[in-house]
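Good morning, colleagues. I would ask you to bring the model up on your screens, and I shall then take you through it step by step.

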Amino acid sequence: MKYILPLVTLPLMGCAQLGLPMQNEPVATAPAPAATDSTAAPPPPQAARTVEQFDTTTAEQRAAAAAPASGGASLGTAVASLGDPSQPGFWVETDLVSAVGSGRITLIASGQSVEVELRPIGGGSARVSLAAWRLLEVPLTDLAEIEIFLGDSA
C-alpha cells in the first residue's frame, strides 16, 4: 500500500514539470500569428466550414492580385492542387523556389494570372492558396497545370 501513493503522484508531478495541463486545468492556446503587412488577409475563423468563410481576402485584395502582371522570369511549370485552406492570402508552395518571395502564377489552360507569395516546399507538386485558386476559377478538387513566375522585385 505504501508504494501506491508514489505511483499515482509520479505521473502528475511529471505533467507539472513538463508544463502539461492536469485534469480540469484550462489549456492555453497560442495567439494567432500577426499579419505581415496591412494587406494580409486574417486567418479564417475556427468555425469556418464554407469556401466563403475560409477565403478571408477582401474584394480589393482579390482585384489587386488578379491584376494582369507581366515580367518576371519563368521558373517552370507544375501540376498544382489546392493548398491548406486555413492559410489565408495569395500564395503558392513550390519546390521551384528556395526562399519566400513575390511572384505570380498563370493557369496554362486559360492564361489567367494571380500575383502570389512564392513559398518553398521540399518536393512534391505545387499547392495553391484557396484565394488564388478561386481567382483562377479552378474547381476545388481539380489538379491544374500552372506556370510559376518570379516577381520583378524579388
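Let me begin with arginine 127, which is partly exposed, with a relative accessible area of 32%. The model we are looking at is a predicted one. What does the side chain of arginine 127 meet? The partner is glutamate 93, and the two side chains form a salt bridge with an N to O distance of 2.8 Å. This pair ties together distant parts of the chain, for glutamate 93 belongs to strand E2 (residues 91-94) and arginine 127 to strand E5, 34 residues apart. Is glutamate 93 buried or exposed? Glutamate 93 counts as buried because its relative accessible area is 19%, and the limit for that class is under 20%. The bridge therefore joins a buried glutamate 93 to a partly exposed arginine 127.

With that pair in view, I turn to the overall architecture. The protein comprises 4 helices and 6 strands. Their order along the sequence is α-α-α-β-β-β-β-β-α-β. Of its 154 residues, 29% are classed as buried. The exposed surface comes to about 9,700 Å², and 60% of that is supplied by carbon and sulfur atoms. Where contacts join residues at least 6 apart in sequence, 70% of them connect residues at least 24 apart.

How confident is the prediction, and where? The mean pLDDT of the protein is 77, with 71% of the residues at 70 or more. Strand E5 (residues 126-128), the strand that holds arginine 127, has the highest confidence, at 97. The lowest confidence falls in helix H1 (residues 4-18), where the mean is 44. Across residues 4-38 the pLDDT is below 50, and this stretch makes 6 contacts in the model beyond near neighbours in sequence. I shall accordingly direct your attention elsewhere.

Let us return to the charged side chains. How many salt bridges does the structure hold? The number is 4. One of them brings together arginine 134 and glutamate 52, at 3.5 Å from N to O. Here too distant parts of the chain are linked: arginine 134 sits in helix H4 and glutamate 52 in helix H2 (residues 51-54), 82 residues apart. Arginine 134 is partly exposed, at a relative accessible area of 32%, whereas glutamate 52 is exposed, at 54%.

Another bridge pairs arginine 119 with glutamate 117, and its N to O distance is 2.6 Å. Both partners are partly exposed, arginine 119 with a relative accessible area of 21% and glutamate 117 with 31%. As for shared partners, salt bridges join Glu52, Asp55 and Arg134 into one network.

What of the aromatic rings? The structure holds 0 aromatic pairs. There is, however, an arginine over a ring: arginine 104 lies over the face of phenylalanine 149, at 3.9 Å from the ring centre.

Phenylalanine 149 also leads us to the first of two glycines that I should like to show. The C-alpha atoms of phenylalanine 149 and glycine 76 are separated by 7.5 Å, although their positions lie 73 residues apart along the chain. Glycine 76 is found in strand E1 (residues 74-82). Which residues does glycine 76 contact, leaving aside neighbours within four places in sequence? They are Leu96, Ile146, Glu147 and Ile148.

The second glycine is glycine 101, in strand E3 (residues 101-107). Its C-alpha atom is 7.8 Å from that of leucine 150, which is 49 residues away along the chain. Not counting residues up to four places away in sequence, glycine 101 touches Val116, Glu117 and Leu118. Glu117 has already appeared as the salt-bridge partner of arginine 119.

My last residue is glutamate 137. Where is glutamate 137 placed? This residue is in the loop between helix H4 (130-135) and strand E6 (144-150). The phi angle of glutamate 137 is near 60°, a positive value in a residue other than glycine. With 62% relative accessibility, glutamate 137 counts as exposed, since the class begins over 50%.

Thank you for your attention.

Terms used: Residues numbered from 1 in each chain as written. Predicted model: local features only at pLDDT ≥ 70, side-chain atom pairs only at ≥ 80, totals over all residues. Heavy atoms only, no water. Helix = DSSP H or I, 4+ residues; strand = E, 2+ residues; numbered from the N terminus. Contact = heavy atoms within 4.5 Å. Buried < 20%, exposed > 50% of the residue type's maximum accessible area, 1.4 Å probe, protein only. Areas by Shrake-Rupley, 256 points an atom, 1.4 Å probe, with all protein chains shown as cover. pLDDT = per-residue confidence, 0-100. Phe/Tyr/Trp six-rings, centres within 6.5 Å; stacked < 30°, edge-to-face > 60°. Lys NZ or Arg CZ within 6 Å of the ring centre and 35° of its normal.
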